[in-house]
Amino acid sequence: MKIIFLIEDGMGDFPLPELNNKTPLEAANTPYLDSLALHSLIGRCQTIPQGFPPGSDVANMALLGYDPVKYHTGRGPIEAAAQNIITQKNDLIWRCNLVEITDFSSQGKMLDYSAGHIDTNTAKKLIGWLNSKLSSSEFKLIPGVQYRHLLIQPQGYQKISNLSPRPPHDILSQNISQDIKTYKQYPPLYNFLKDAFKLLNHNPIWPKANSLWPWGQGKPLTLPDFTQKTGLKGAVISAVDLIKGLGQAANLEVIEVKGATGLVNTNYQGKLEAAINFLKTGDFLFLHLEGPDEAGHIGSIRDKIQAIEKFDKYILGPLLKNLNQSFTVAILCDHFTPITLRTHIADPVPFLIYNSQKKFKDKGQKTFSEKSAQQSPLFIRKGENFLNFVLEQANA
């Protein structure tokens, strides 16, 4: 029995007047998803523990079976694990976005959390240039993917671990005075960022990348070995370092797919082929698609519907046709990213579980949506229990 998790990041949403009060998931043309819904368990799962920010780091850690209350240290450490960065136990690791703001001051506003979705090669040039100008014994930038980078602060945990700058995707078009005040609590960090803004602002390489924005900091991440914990040989497929880092920390195989972008127009064919190849010998696959989340952050209904439809057409449909052995597939999002809010919320997420042998004929729904999940009595109160629930359905 193969176990497959298909994660459509940020897919959950609210009914929208522009869609005749349907959600993007309800409005999307998803024939394969709906065909499974007729024979699946459908319900909701609380992926975000109480008191935690509703981020993909927390939610996906839980969906892999790890309790965030016990293991989560921050978003930065997870992404550092993806790059196999060697750090010491008291180092502080920040996720660091390249962003666009109006000014690095209390009068500034957050214009774009992704610096116009800067491409990876251009971003690496900017990060390398900044390092040549600003790198010191206290701060070092590590380039990542697109706008997602890292700031390493050796032995920084005891100095400023309690600072809480907001994630840039949570404050689009908002004033940043609260965050400037936060950064000022540790003057060396504030001065580093102020100097970075002076260098980046009006840079000729990529003008929209005019500032750094560190957040999500924490100590290095360690997780128990996934195979030892479950007995399953597993792998993750994703475009983003967050998922790769969770996989790396859990000793899962991290499968790289050339052309995977984390956007609506990612390399679906490459992800599909990688999934099929791994499942020939592997037991558990965690395949993650970032497109719906990015669409939610930019507030694009069209892109979100398109991301869901492309998942159905280019991933789910062909995957079902190419699986020649027994399988259980779980389809869900890690969190909601509503179009109207353009950021994450902690609401329970809808899920679908299909077992090719059982087919749950008496419990299915006509469609899979937020509404059909809400109508179901099935509710998993802790995200870290979802994996075991799926395994129970697979083995029953």
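Contact here means heavy atoms within 4.5 Å. With that in hand, let's walk through this predicted model, starting at Gly383. This glycine sits in the loop that runs between strand S13 (379-380) and helix H16 (386-395). Setting aside neighbours within four places in sequence, Gly383 is in contact with Cys45, Gln46, Thr47, Ala62 and Leu63. Gly383 has a relative accessible area of 2%, and because buried means under 20%, this glycine counts as buried. For a sense of scale, look across to Ala123: its C-alpha atom and that of Gly383 are separated by 34 Å, with the two positions 260 residues apart along the chain.

One of those partners, Gln46, deserves a stop of its own. You'll find Gln46 in the loop between strand S2 (41-45) and H3. Gln46 is buried too, at a relative accessible area of 17%. Its side chain reaches the backbone oxygen of Ala346 at 2.8 Å. Leaving out neighbours within four places in sequence, the contacts of Gln46 take in Ala346, Asp347 and Pro348, and also Phe379, Ile380, Arg381, Lys382 and Gly383.

Follow the chain on from Gln46 and you come to H3, which spans residues 56-63. How many of its residues are buried? Eight of eight, so the helix is mostly covered. Ala62 and Leu63, which we met as partners of Gly383, are among the buried residues of H3, as are Ser56, Asp57 and Asn60. After H3 comes Gly65, with a positive phi near 95 degrees.

Leu63 also leads us to Phe386. Not counting residues up to four places away in sequence, Phe386 touches Leu63 along with Phe5, Cys45, Ala330, Leu332, Phe351, Ile353 and Ile380. Phe386 belongs to the largest nonpolar core, which has 84 residues; Phe386, Phe5 and Ile331 have the most contacts inside it. Helix H14 (residues 301-322) gives the most to this core, with seven residues. Apart from it lies another core, of 39 residues, including Val99, Ile171, Trp213 and Trp215.

Last stop: H14 and its packing against H13 (residues 291-298). The axes of the two helices are 8 Å apart, at an angle of about 175 degrees. Angles over 145 degrees count as roughly antiparallel, so that is how H13 runs relative to H14. On the H13 side, Gly291, Pro292, Ala295 and Ile298 make the contact, meeting Asp303, Lys304 and Ala307 of H14. Sorted by class, the contact of H13 with H14 has four nonpolar, one polar and two charged residues.

Note on methods. Residues numbered from 1 in each chain as written. Predicted model: local features only at pLDDT ≥ 70, side-chain atom pairs only at ≥ 80, totals over all residues. Heavy atoms only, no water. Buried < 20%, exposed > 50% of the residue type's maximum accessible area, 1.4 Å probe, protein only. Helix = DSSP H or I, 4+ residues; strand = E, 2+ residues; numbered from the N terminus. Core = buried A, V, L, I, M, F, W, Y, C linked by side-chain atoms within 4.5 Å. Polar contact = N/O pair within 3.5 Å; in protein donor to acceptor, adjacent residues only side chain to side chain. Axes fitted to C-alpha atoms, helices over the stretch in contact; angles between N-to-C directions. Parallel < 35°, antiparallel > 145°, perpendicular 65-115°, else oblique. Nonpolar A, V, L, I, M, F, W, Y, C, P; charged D, E, K, R; others polar.
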